[in-house]
Amino acid sequence: MSESLLASVLFVCVHNAGRSQMAAGFLRHLAGDRVEVRSAGSLPGDQVNPAAVAAMAELGIDISDQKPKVLTAEAAQASDYIITMGCGDACPYFPGKTYLDWVLEDPAGQGVEAVRPIRDEIKGLIEGLIAEIDSKNAEKQEN
């Protein structure tokens, strides 16, 4: 992680096709290049959920170029925050990381109407995460 970055974040869900992709899209959009963003899945799907892509596009965030990726120990080890969204025991544990578990409905197989509330909940969680990262960074600068 370079000195200019505030943190690196890894979002993990089972298929890396919906929740984690929307979270990564929001964090890239809202934090810009201040935060390094990764996403992965314990059993990655073939493509990002089209309803998730459509729901994010409604807010002007394009995640259509993203591909589900397999969760690796290296990705987890390189991240300051590991945010799980229903991957259970498949998520690796590394001491010194900040782990958050976000309980979110799985958008798999649902249409855009059902995905919108999940998307909006993720946006609120991302805004809170950015505030936490900013606060921790401010504390570091004071000390």
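Author: Contact here means heavy atoms within 4.5 Å. This is a predicted model, where local features need pLDDT of at least 70, side-chain atom pairs count only at pLDDT 80 or more, and totals for chains, interfaces and linings use all residues. Residues are numbered from 1 along each chain as its sequence is written, and side-chain values use heavy atoms, leaving out hydrogens and water.

Reader: Happy to start with the sheet. Which are its edge strands?

Author: Four strands (DSSP runs of E, at least two residues) make an open, parallel sheet, ordered β2-β1-β3-β4. Pairing (at least two DSSP bridges between strands) happens on one side only for the edge strands, β2 (35-41) and β4 (98-101).

Reader: And what is the bridge partner of Val12 in β3?

Author: Strand β1 (residues 7-13) and strand β3 (residues 81-84) run parallel and are joined by four bridges. For Val12, the partner in β3 is Thr84.

Reader: Which strands does helix α1 touch?

Author: Helix α1 (residues 19-31) packs on the sheet, and its direction makes about 170 degrees with that of β2. A helix here is a DSSP run of H or I, at least four residues. The strands that α1 touches are β1 and β2.

Reader: How is α1 set against α4: parallel, perpendicular or oblique?

Author: The axes (lines fitted to C-alpha atoms over the stretch in contact, with angles from 0 to 180 degrees between N-to-C directions) of α1 and α4 are 9 Å apart, at an angle of about 45 degrees. That makes α1, relative to α4, oblique.

Reader: How many charged residues are in the contact of α1 with α4?

Author: From α1, residues including Met22, Phe26 and Leu30 meet residues of α4, among them Ile118, Ile122 and Glu127. By class, this contact has twelve nonpolar residues (Ala, Val, Leu, Ile, Met, Phe, Trp, Tyr, Cys and Pro) and no polar ones, and its charged residues (Asp, Glu, Lys and Arg) number four.

Reader: How many nonpolar residues are in the contact of α2 with α4?

Author: The axes of helix α2 (residues 50-57) and helix α4 (residues 112-142) come within 9 Å and cross at roughly 60 degrees. Ala51, Ala52, Ala54, Ala55 and Met56 in α2 meet Val112, Val115 and Arg119 in α4. One residue is charged, none is polar, and the nonpolar count is seven.

Reader: Finally, how many residues apart in sequence are Arg19 and Asp106?

Author: Nine salt bridges (a side-chain nitrogen of Lys or Arg within 4 Å of a carboxyl oxygen of Asp or Glu) turn up in the whole structure. Arg19 and Asp106 form a salt bridge through their side chains, at 3.8 Å from N to O. Arg19 lies in helix α1 and Asp106 in the loop between β4 and α4, so the pair ties together parts whose separation in sequence is 87 residues.

Notes
Parallel < 35°, antiparallel > 145°, perpendicular 65-115°, else oblique.
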